[in-house]
Amino acid sequence: LSSKQFAMYTKLVFESKGISCTLLDGYVATPILAFAVGNIGASVGIMVTASHNPKQDDGYKVYWNDGCQIRPPIDAEIASAIIEKENLIPWIDYGEQLRTFMDGDGEGECYGLSNPKQTRMIEDAYYQAVRDSGLVAGIDVTSDDQSPSFAYTAMHGVGLPYAKRSFSTFGLPPFLPVPSQQSPDAKFTTVPFPNPEEKGALDEAMSFAKQNGCDIVLANDPDADRLGVAEFNKVDGKWTVFTGDQIGSLLGHWLWETIGKKSEQPVAMCASTVSSKILSAMGQTEGFLFEETLTGFKWIGSRALSLQNEGYRVLLGYEEAIGFSCGGIIPDKDGISALGVIATMAHAFYAKGKTLAKHLQEIYLLYGEFCSDNGYFRCDDPAIVKKVMAQMRNGGKYFDRVGTFEVDSVRDLGSPGYDSQAVDKKPTLPTSSSSPMITFRFKNGCVAQFRASGTEPKFKYYIELRGQPGESRDEVSKRLDTMVKVILEELLHPSENGLITASSL
């Protein structure tokens, strides 16, 4: 069952119940679907995509009428409806219905079921929203020896035409697409795990970029809602592959400098709780509101919408897993507009003789070094996850010291929840017994967070250390390395609990 078939069946299911359903035409990027919900006033949006997962996977993303991914209680209500007896078998023979369209005179890949004209109108409206958002800085990008050149990879996905139009919308010179990865290919021929975050995923694009003299690689995942960035240093011949937190730092500072400082509305930015705390430091210094949310863009997007309703201009929402929402265009990840912002930023910096990596270091000088070590252990048994979490809770007497490192506070987002920083000891973020997260905040500025993945057999950790004033990045990184070894051993007891390191897989 292909994504295309699944999408056509979805339209037939809705319309069998008398509900009008617009099937967007051709391969469409996920941000366009999220935008379309609000643009046409839909009650719900559905995206069928494997996203950044391996070829054997597929996915069914559901958006509510606000253009944000579904969240409680909507998700639970849908799940409950799925398993009702009358819904466990097809209401009608959709296969036979689809064959009727396939044998008919309908045009296009979807046999007349899709709406090409409305799809183009939605896409036009999306790019107009980008223009109206303030993201298009209007800087001089006249090509010269200092201007950066870009290679772009769609990672065998749908992003290429959208990336091209994004560059055009931002007034940027064209990029060079990576030929071997520019067209949709469900087999993901050159990259078995098409996630720009994964080690080695950008190798093909970086090799192409180096051969063609490109300074920067921009990478969308196959459904173009994520953005990866890498930069080549022509002096030492080395690549910098930016983490999601580093890209978020660059975007946050740029959007504050180019839009936020001039905004007549109060400015806000959001990030997931497992993302870097640098936006918090930036907000404290510059005077904008920063809020953290639970992990997942449904929480980032929904909080951004609430802040907008409260009168804030939300310039950025991001998560460390290379998901970015710039300028409030949609309350979801958007790799299309984000790549335009990054490319514009690069042109501005290169004109001053600076690289992205150099500017990132200047940001750290302003707000402090933030070094992180994010990773995971393989864990196939949910019972082990519960055991590890219980060990960290220590019977409700949370540890005040891990090794030689003093704990300042602890937050537990399991049910019923606990936060030693709060006056009433209750966390401000939602709690969950099924997907708990425990956070240890140390007196030296380190924050260590732990949770089980909701989609993979992984137990994840996110550990970040903020440097002291005047402390070099190397010094902070060395201190972090020491802490990580102690924290993982003392809190997780990997060998005892049968946790498998990623390097052993």
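Two strands count as paired if DSSP finds at least two bridges between them. With that in hand, open the model, which is a predicted one, and start with the sheet.

**Stop 1: the hairpin**

Select β5 (216–220) and strand β6 (residues 227–233). These two strands pair in the antiparallel sense over five bridges. One bridge to find is that of Leu 218, whose partner in β6 is Val 229. Six residues lie between β5 and β6 in this hairpin, and in the turn Ala 224 has a positive phi of about 65°.

Now show the side chains of β5. Ile 216, Leu 218 and Asn 220 point one way, Val 217 and Ala 219 point the other way, and all are buried. In a regular strand, side chains alternate between the two faces of the sheet.

**Stop 2: the rest of the sheet**

Add the other strands. The sheet is open, has five strands in the order β4-β3-β5-β6-β7, and its pairing is mixed. Its edges are β4 and β7 (238–241), each of which pairs on one side only.

On one side of β5, look at β3: four bridges join β3 to β5, and the two run parallel. Tyr 152 has Leu 218 in β5 as its bridge partner. Leu 218 is also the residue bridged to Val 229 in β6.

Then move to β6 and β7, which pair in the antiparallel sense over four bridges. Here Glu 231 has Thr 240 in β7 as its bridge partner.

**Stop 3: helix α6**

Select helix α6 (residues 160–169); its buried residues are Leu 160, Tyr 162, Ala 163, Ser 166, Phe 167 and Thr 169. What covers these buried residues? The cover includes α2 (30–39), α5, α11 and three strands of the sheet, β3 (150–153), β4 (176–177) and β5. Just after α6, find Gly 171, which takes a positive phi of about 70°.

**Stop 4: α8 against α11**

Select helix α8 (residues 244–258) and helix α11 (residues 335–350). Their axes come within 11 Å and cross at roughly 70°, which makes α8 roughly perpendicular to α11. From α8, the residues in the contact are Ile 247, Leu 250, Leu 251, Trp 254 and Leu 255; they meet Val 341, Ile 342, Thr 344, Met 345, Ala 348 and Phe 349 in α11. By class, this contact of α8 with α11 has ten nonpolar residues, one polar and no charged ones.

**Stop 5: salt bridges**

The model has 26 salt bridges. Three are worth a visit.

Begin with Arg 120 and Glu 123, whose closest N and O atoms are 2.9 Å apart. Both are in helix α5 (residues 116–132), three residues apart, so about one helical turn separates them. Is each partner buried or partly exposed? Arg 120 is partly exposed, at a relative accessible area of 36%, whereas Glu 123 is buried at 8%.

Next, select Arg 303 and Glu 291, where the closest N and O atoms are 2.5 Å apart. This pair links distant parts of the chain, with Arg 303 in helix α10 (residues 297–309) and Glu 291 in strand β9 (residues 289–293), twelve residues apart. Arg 303 is partly exposed, with a relative accessible area of 24%.

Then go to Glu 362 and Lys 354, at 2.8 Å between the closest N and O atoms. Glu 362 is partly exposed at 26% relative accessibility, and Lys 354 is buried at 17%.

To finish, select Lys 61, Asp 221, Asp 223, Asp 225, Arg 226 and Lys 333, which are joined into one network by salt bridges that share partners.

Methods: Residues numbered from 1 in each chain as written. Predicted model: local features only at pLDDT ≥ 70, side-chain atom pairs only at ≥ 80, totals over all residues. Heavy atoms only, no water. Axes fitted to C-alpha atoms, helices over the stretch in contact; angles between N-to-C directions. Parallel < 35°, antiparallel > 145°, perpendicular 65-115°, else oblique. Contact = heavy atoms within 4.5 Å. Nonpolar A, V, L, I, M, F, W, Y, C, P; charged D, E, K, R; others polar. Salt bridge = Lys/Arg side-chain N within 4 Å of Asp/Glu carboxyl O. Buried < 20%, exposed > 50% of the residue type's maximum accessible area, 1.4 Å probe, protein only.
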